[in-house]
Amino acid sequence: MPYTAGEIRARVLHRDADVLILDKPHGLPVHYGTKTVEHLEQYLPWIAFEREEPPRLAHRLDKDTSGCLVLARDAEVAARLGRLFLHGHVGKTYWAVVLGRPRGDAGRIDLPLLKVHIPGCSKVVVDPDGKPALTDWRLLATDGRLSWLELTPRTGRMHQLRAHCACSGFPILGDPIYGAEQPPPVPLHLHARTVSFHLGPADGPPVAATAPPPRHMAATLARIAGEAAPLAGCYEGERAFS
């Protein structure tokens with residue numbers, strides 16, 4: 001559905017002279033496309049604030065992924081942020097709800113990913129000829145049927161988290177490409193929870209933000225945490241269920 005200027009501005013999690021961090025809504029593409037009626041770029045002029053030019057995307061999130069999205073406020077900052085993302089100097093964590101329960105309480109997925117084209121879309125598959133891809137995961141809570149994971153990508157491949165979880169035997173709930181049920185009965189449960197990086201001196205404070213999960217995901221997390229005792233490190237008391 002279309003957003004108002006006030007709704008988009010209310011989603012700004014961080015604002016300084018160089019950077020904005022926006023809580024991107026679930027279901028909103030970041031770019032214009034041939035099948036896209038509504039996209040984030042058309043809303044960016046609303047969060048230019050005192051600047052004449054709108055902010056620029058420093059990276060991207062999939063249409064169905066919500067949460068922290070970094071925007072540069074000018075071309076020079078966009079180039080600096082691009083280098084940080086390229087060289088892995090941006091810390092990111094995601095929350096996901098997956099089907100089943102992974103073995104253990106934490107682990108690393110090390111599977112190379114190769115982009116392939118299928119009718120109607122592109123996806124990635126595990127292939128020895130693909131690009132290296134690393135994902136760390138940690139179990140936050142589970143009810144046995146569904147599990148709440150914290151995912152930390154160490155590389156930035158297309159659909160990395162979604163493909164890694166699916167290929168490891170615990171697909172993300174609601175995934176329309178890699179999920180266990182097609183079409184999925186619920187929206188994708190993947191959320192960019194935190195982002196942090198140093199744009200200035202490394203010994204200075206980082207630019208950082210934390211985004212609350214969207215309503216459909218918060219409801220699922222509440223059910224998981226309510227039916228099973230949350231594990232150590234679960235984010236009790238934050239805005240997750242507000």
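How many salt bridges does a search of the whole structure find? The search turns up 13 salt bridges. Please keep in mind that this is a predicted model. Below are some of those charged contacts, followed by a look at strand E2 and its partners.

**Salt bridges between two residues**

- Arg-60 and Asp-62 meet through their side chains in a salt bridge, with an N to O distance of 3.3 Å.
- Within this pair, Arg-60 counts as partly exposed because its relative accessibility is 47%, whereas Asp-62 counts as buried because its value is 15%, under the 20% cut-off.
- Another salt bridge brings Arg-138 together with Glu-150, and their closest N and O atoms are 3.2 Å apart.
- This contact links distant parts of the chain: Arg-138 sits in strand E9 (residues 134–142) and Glu-150 in strand E10 (residues 146–153), 12 residues apart.
- Here too the burial states can be read from the accessibilities: Arg-138 is at 27% and so counts as partly exposed, while Glu-150 is at 10% and so counts as buried.
- Asp-175 and Arg-162 also form a salt bridge, the closest N and O atoms lying 2.8 Å apart.
- That pair likewise links distant parts of the chain, 13 residues apart: Arg-162 belongs to helix H3 (160–167), and Asp-175 to the loop between helix H3 and strand E11 (190–197).
- Both Asp-175 and Arg-162 are buried.

**A shared network**

- Arg-15, Glu-50, Arg-51 and Arg-73 are joined into one network by salt bridges that share partners.

**Strand E2 and its surroundings**

- Strand E2 (residues 19–24) is largely enclosed by the rest of the structure, because 6 of its 6 residues are buried.
- Val-19, Ile-21 and Asp-23 point one way from E2, and Leu-20, Leu-22 and Lys-24 point the other way.
- The residues on both sides are all buried, the charged-type names Asp-23 and Lys-24 included.

**Strands paired with E2**

- Strand E1 (residues 12–15) runs antiparallel to E2, and 3 bridges join the two.
- Between E1 and E2, a hairpin makes the connection through 3 residues.
- For a handy landmark in this pairing, look at Val-12, whose bridge partner in E2 is Leu-22.
- E2 is also joined by 6 bridges to strand E4 (residues 66–72), again in an antiparallel arrangement.
- In that pairing, Leu-20 stands opposite Leu-71 in E4.

Methods
Residues numbered from 1 in each chain as written. Predicted model: local features only at pLDDT ≥ 70, side-chain atom pairs only at ≥ 80, totals over all residues. Heavy atoms only, no water. Salt bridge = Lys/Arg side-chain N within 4 Å of Asp/Glu carboxyl O. Buried < 20%, exposed > 50% of the residue type's maximum accessible area, 1.4 Å probe, protein only. Helix = DSSP H or I, 4+ residues; strand = E, 2+ residues; numbered from the N terminus. Pairing = 2+ DSSP bridges.
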